[in-house]
Amino acid sequence: MFDLTGKTALVTGASGAIGGAIARMLHARGATVALSGTRVEPLTALAADLGERAVVAPANLSDAAATEALIKTVEEKAGGVDILINNAGLTRDGLLMRMKDEDWDTVLEVNLTAGFRLTRAAMRGMMKKRWGRIVGISSVVGATGNPGQANYAASKAGMIGFTKALAAEVASRNVTVNAVAPGFIATPMTDALNEEQRAAISSRIPAGRLGAPEDVAAAVLYLASEEAAYVTGHTLHVNGGMAML
Amino acid sequence: MSDVADRVKKIVVEHLGVDEAKVTEEASFIDDLGADSLDTVELVMAFEEEFGCEIPDDAAEKIQTVKDAIDFIQKSAA
């Protein structure tokens with residue numbers, strides 16, 4: 001089950017905790033992985049750790065030309081993009097009344113528009129092969145909202161709509177398009193929280209704990225696999241029960 | 001000239017999996033050959049690759065029959 005031998009996966013935001021875990025898991029199942037991100041050092045370290053079947057492809061996804069070029073680079077370096085994981089994302093939190101245009105634009109550009117551009121560029125190859133997997137990393141916040149994150153929530157909800165529309169377009173070509181919506185996941189970002197804050201968050205999660213990056217990666221692996229061929233346009237919530245959607 | 005026509009027809013036959021006899025110059029991709037809108041996009045992509053030309057979106061929209069495709073490609077090559 002879930003064997004990805006012979007497939008190539010591009011993971012954006014692979015320098016982060018969740019992206020790194022996704023890349024590791026797909027690689028462990030036999031995929032060749034292309035690691036993208038803005039910070040080269042963690043990408044190189046991850047590639048070295050993985051050994052064979054790992055290539056580094058840094059890109060700044062707020063740059064349209066660089067985003068388009070990334071797919072070409074990966075096709076040249078790794079031989080194609082069978083599986084595209086649109087994971088790269090960032091936050092610029094703030095209450096709407098004080099939110100600057102650039103905070104809105106940056107979040108939408110990286111979290112949503114870059115995924116659109118990458119998907120468009122990768123789709124050509126997938127259509128030809130009559131096989132492809134697109135997985136977008138959304139967020140529970142895209143479904144439930146969260147004060148201080150109007151921009152982030154909009155980008156993550158946007159990804160879900162994008163996923164559904166595209167899924168309908170390309171289903172007949174054996175290309176599936178799905179999203180994974182993580183809840184609170186333990187990452188360096190949440191490490192900064194104090195005990196009290198952590199307890200407050202955990203009390204809202206029926207599972208009683210924060211998720212691990214591997215919890216998200218396992219959901220991505222499933223949607224990227226051959227076994228999930230009949231699942232498309234779906235959003236898989238990985239949130240310990242904090243929002244049952 | 002007929003070379004372009006033959007190559008276009010070959011792509012259409014291969015891509016849509018239809019009988020060669022049905023691929024006449026008057027045949028409409030959607031009405032006669034059973035293509036859906038995504039097929040037409042893929043056909044245009046295949047023509048671009050085969051003939052090394054670029055077919056802009058507004059021109060692609062007007063390519064509805066086999067003859068439309070042949071004419072466009074011959075014109076762009078001229």
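In this predicted model, chain B and chain A bury about 670 Å² between them, and carbon and sulfur atoms account for 41% of that area. Of the area that chain B buries against chain A, 64% is supplied by B:Leu38, B:Glu42 and B:Met45, more than by any other three residues. Counted by contact, the interface draws 8 residues from chain B and 8 residues from chain A.

Charged pairs run across this interface: the rule finds 7 salt bridges between chain B and chain A. One of them joins B:Asp39 to A:Arg173, with the closest N and O atoms 2.6 Å apart. The side of chain B that touches chain A takes its largest share, 6 residues, from helix H2 of chain B, which spans residues 37–51. Sorted by class, that side of chain B holds 5 charged, 2 nonpolar and 1 polar residues. Residue pairs in polar contact between chain B and chain A, with both members at pLDDT 80 or more, number 6.

How confident is the predictor in the complex and in chain B? The complex receives an ipTM of 0.80 and a pTM of 0.93. For chain B the mean pLDDT is 92, and 96% of the residues score at least 70. Among the elements of chain B, H2(B) has the highest mean pLDDT, 93, and helix H3 (residues 57–62) of chain B the lowest, 91. Where pLDDT is low, predicted coordinates should not be read in detail.

On chain A, UniProt lists residues 7–188 under "domain: Ketoreductase", in an unreviewed entry. Over residues 7–188 of chain A, 52% of the chain is helix and 16% is strand. The C-alpha atoms at the two ends of that range lie 30 Å apart.

Two residues of chain A, neither of them glycine, have a positive phi. The table gives their values and places.

| Residue | Phi | Place in chain A |
|---|---|---|
| A:Phe2 | about 55° | segment before strand S1 (8–11) |
| A:Asn174 | near 60° | loop between helix H6 (150–170) and strand S6 (175–182) |

To return to the interface, which residue of chain A forms a salt bridge with B:Asp39? The partner is A:Arg173, and the closest N and O atoms of the pair are 2.6 Å apart. On the side of chain B that touches chain A, helix H2 of chain B gives the largest share of residues, and H2(B) also has the highest mean pLDDT among the elements of chain B.

Conventions: Residues are numbered from 1 along each chain as its sequence is written. Chains are lettered from A and ligands numbered from 1 in the order in which they are written. This is a predicted model: local features need pLDDT of at least 70, side-chain atom pairs count only at pLDDT 80 or more; totals for chains, interfaces and linings use all residues. Side-chain values use heavy atoms; hydrogens and water are left out. Contact means heavy atoms within 4.5 Å. Buried area is the accessible area (1.4 Å probe) that two parts lose on being put together, summed over both. A salt bridge is a side-chain nitrogen of Lys or Arg within 4 Å of a carboxyl oxygen of Asp or Glu. A polar contact is a pair of N or O atoms within 3.5 Å; within protein, one must be able to donate a hydrogen and the other to accept it, and residues adjacent in sequence count only if both atoms are side-chain atoms. Helices (H or I, at least four residues) and strands (E, at least two) are DSSP runs, numbered from the N terminus. Ala, Val, Leu, Ile, Met, Phe, Trp, Tyr, Cys and Pro count as nonpolar, Asp, Glu, Lys and Arg as charged, and the others, Gly among them, as polar. UniProt positions are given in the numbering used here, feature names are shortened, and annotations may be inferred rather than shown by experiment. pLDDT is the predictor's confidence in each residue, from 0 to 100.
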